[in-house]
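Got the viewer open? Let's take a short walk through the charged pairs and the cysteines, one selection at a time.

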Amino acid sequence: MPRISLTPPRTLLMRIGAWYSRRRYGKVLDPGQAYGHNSRVLLTYVRLEQQAAKWHALDAGLKHLAVMAAAARINCSWCMDFGYWEGLEQGLSARKTGQVPQWRENRETFTELELLVMEYAEAMTETEPAVTDELAAELIARLGEAAFVELTAMVALENWRSRANRAFGLTSQGFSEACEIPARP
């Protein structure tokens, strides 16, 4: 159960945000409702998300795996639910996306670079970051500096999302259920 009301004041900003959210995602996103209690925080967060969506130095699939690995490490059920749906929307494999929380036990599902990216996301997400010089150097060598900076920024952004959602008490909003593949007859 959320720790904050998901019925913020119905300001113009919230009405526009709810309209956009329903149009884009089919429902109003709970994090937006939570942030809606402080319009300045909401506006700053929305602007950050809009700008981050324009970053393209890092492969979208790698970026998504990093975000999912950070969310899984923080154990944000809202982020995992939305991330599963978002991964499928981006054309990522349901098997791969579904195995991110247990990537260490399912290494054969991922490429070597994907494993490095998820290891980095987890190391960066630790309460005291555990990123090693060797891991950073290997990723810079494979991705280049611009993509490495983007990877680092995306993991930091997902830490904000996941930690805020956990603190707000937000849980799954049913996105992953919409992705379920019906059983074959």
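Is Arg142 buried, partly exposed or exposed? Select Arg142: its relative accessibility is 39%, so it counts as partly exposed. Keep in mind on this tour that the model is predicted.

Now add Glu138, which makes a salt bridge with Arg142, with 3.4 Å between the closest N and O atoms. Both residues sit in helix H8 (residues 133-143), and because they are 4 residues apart there, about one helical turn separates them. Glu138 is partly exposed too, at a relative accessible area of 31%.

Next stop: a pair that links two helices. Select Arg161 and Glu49, a salt bridge whose closest N and O atoms are 2.7 Å apart. Arg161 belongs to helix H9 (residues 145-168) and Glu49 to helix H3 (residues 39-52), so this pair ties together parts 112 residues apart in sequence. Arg161 is buried, with a relative accessible area of 15%. Bring in Glu158 as well: salt bridges with shared partners join Glu49, Glu158 and Arg161 into one network.

Then jump to Lys96 and Glu114, another salt bridge, with the closest N and O atoms at 3.0 Å. Lys96 is in helix H6 (residues 94-98) and Glu114 in helix H7 (residues 112-125), so the pair connects parts 18 residues apart in sequence. Both Lys96 and Glu114 are buried. In total, the structure has 8 salt bridges.

Last, the cysteines. Pick Cys76, buried at 0% relative accessibility, and then Cys79, buried at 7%. How many disulfides does a search of the whole structure find? It finds 0.

Key: Residues are numbered from 1 along each chain as its sequence is written. This is a predicted model: local features need pLDDT of at least 70, side-chain atom pairs count only at pLDDT 80 or more; totals for chains, interfaces and linings use all residues. Side-chain values use heavy atoms; hydrogens and water are left out. A disulfide is a pair of cysteine sulfur atoms within 2.5 Å. Buried means under 20% relative accessible area, exposed over 50%, partly exposed in between (1.4 Å probe, protein chains only). A salt bridge is a side-chain nitrogen of Lys or Arg within 4 Å of a carboxyl oxygen of Asp or Glu. Helices (H or I, at least four residues) and strands (E, at least two) are DSSP runs, numbered from the N terminus.
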